[in-house]
Amino acid sequence: MNLLQHALRAGHGNPQSPGRPRRAVVAGGGGTLGSAVVERLLALGRFRPLHVLVTQDFHAAPAGLVPLPAVPGQPLPRGAGELAVIVFDRERHANGRDAAFLRPEPAQLPALAAALHAAGARDLLVMQPHAAASLPQALRAGLASLDEQAVAGLGFEHVVLLRAAQPPGASTGRGLQRVADLVLAQLRLMTPQAQQPVRARKLAQLAAALAAALPEAPPGTRVMAPEIVWQAAQLDDPAPLVRSFLHGQALPEAQLRVPRM
């Protein structure tokens, strides 16, 4: 039984939704990270329907997942989701299984966020991987670009920018380029542990915990720095850390017995 089947069984067998399910929409539902986020949100049982933006026909959707066509130049349907999740992820080779999903590029963030807000989204979660240790400390924990500032000013009730260190891609260079890639790979070993990449399944677990907790959080724009993301990944259940983060409280200490990256 694959992860999606487990997710569907969890979503139907023991939903964690004490009240009315919220509508949600995911942009970037393909790829390793995007598909893991979709599976976790389905498993949570709190988001029905869960829309996913697609660019072509998509008929094999599991229960609870509703494909939503994203047509260039046309607005998204009103009421697509109270929660919007944007996942930036690398393209993966999956025998065409991801071809139907919209794969947003970072440069599209302001326009895509504005379209989601116009469609009725009140909360926005952006999963934005970046090269490990590529941002200064101040920018890892704050708005790092004019695009992010523009998103913060759109009028969402809650905005969370989740910064996670991105695993390096496989080297495809030759000659001197391959040597340079190998040198850079060695330098990555010097990156502090708390800025190391986190596995997609742990990022998806964290995203689901944030999505569930946002309605009870004070309004505002927040940036979850890579160090906090890594700390959350060490926990079996990141929900207590997420609640503390959203409410501006001291974060619980992670138990670092076995790294979960």
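In the predicted model, helices α2 and α7 are oblique to each other, because the angle between them, about 45 degrees, falls outside the ranges that count as roughly parallel, roughly perpendicular or roughly antiparallel. The two elements span residues 31-44 and residues 200-213, respectively, and their axes lie 8 Å apart. The crossing in which α2 passes α7 is right-handed. On the side of α2, the contact is formed by Thr32, Leu33, Ala36, Val37, Arg40, Leu41 and Leu44, and these residues meet Ala200, Arg201, Leu203, Ala204, Gln205, Ala207, Ala208, Ala211 and Ala212 of α7.

This helix pair belongs to a protein whose secondary structure comprises nine helices and seven strands. Of the contacts in the protein with a separation of 6 or more, 76% are made by residues 24 or more positions apart. Buried residues account for 45% of the 261 residues, while the accessible surface comes to about 13,200 Å², with carbon and sulfur atoms contributing 56% of that area.

Burial was then examined for helix α8, which covers residues 226-233. Seven of the eight residues of α8 are buried, and the helix is therefore largely enclosed by the rest of the structure. The buried positions are Pro226, Ile228, Val229, Trp230, Gln231, Ala232 and Ala233. In the loop between α8 and α9, the latter formed by residues 239-246, lies Gln234, which has a relative accessibility of 4% and so counts as buried, the cut-off being under 20%. The side chain of Gln234 places a polar atom 2.7 Å from the backbone oxygen of Trp230, a residue that is itself among the buried members of α8.

A further buried polar residue is found among the strands, where Arg163 forms part of β6 (residues 158-166). With a relative accessibility of 2%, Arg163 falls below the same 20% cut-off and is therefore classed as buried. Two polar contacts link the side chain of Arg163 to other side chains: one, of 2.8 Å, is made with Glu148, and another, of 3.5 Å, is made with Gln128. Arg163 in strand β6 and Gln234 in the loop that follows α8 are thus both buried, at 2% and 4% relative accessibility, respectively, and for each of them a polar contact of the side chain can be described, with the side chain of Glu148 in the case of Arg163 and with the backbone oxygen of Trp230 in the case of Gln234.

Note on methods: Residues numbered from 1 in each chain as written. Predicted model: local features only at pLDDT ≥ 70, side-chain atom pairs only at ≥ 80, totals over all residues. Heavy atoms only, no water. Helix = DSSP H or I, 4+ residues; strand = E, 2+ residues; numbered from the N terminus. Buried < 20%, exposed > 50% of the residue type's maximum accessible area, 1.4 Å probe, protein only. Polar contact = N/O pair within 3.5 Å; in protein donor to acceptor, adjacent residues only side chain to side chain. Contact = heavy atoms within 4.5 Å. Areas by Shrake-Rupley, 256 points an atom, 1.4 Å probe, with all protein chains shown as cover. Axes fitted to C-alpha atoms, helices over the stretch in contact; angles between N-to-C directions. Parallel < 35°, antiparallel > 145°, perpendicular 65-115°, else oblique. Left-handed = near helix turned anticlockwise from the far one by under 90°.
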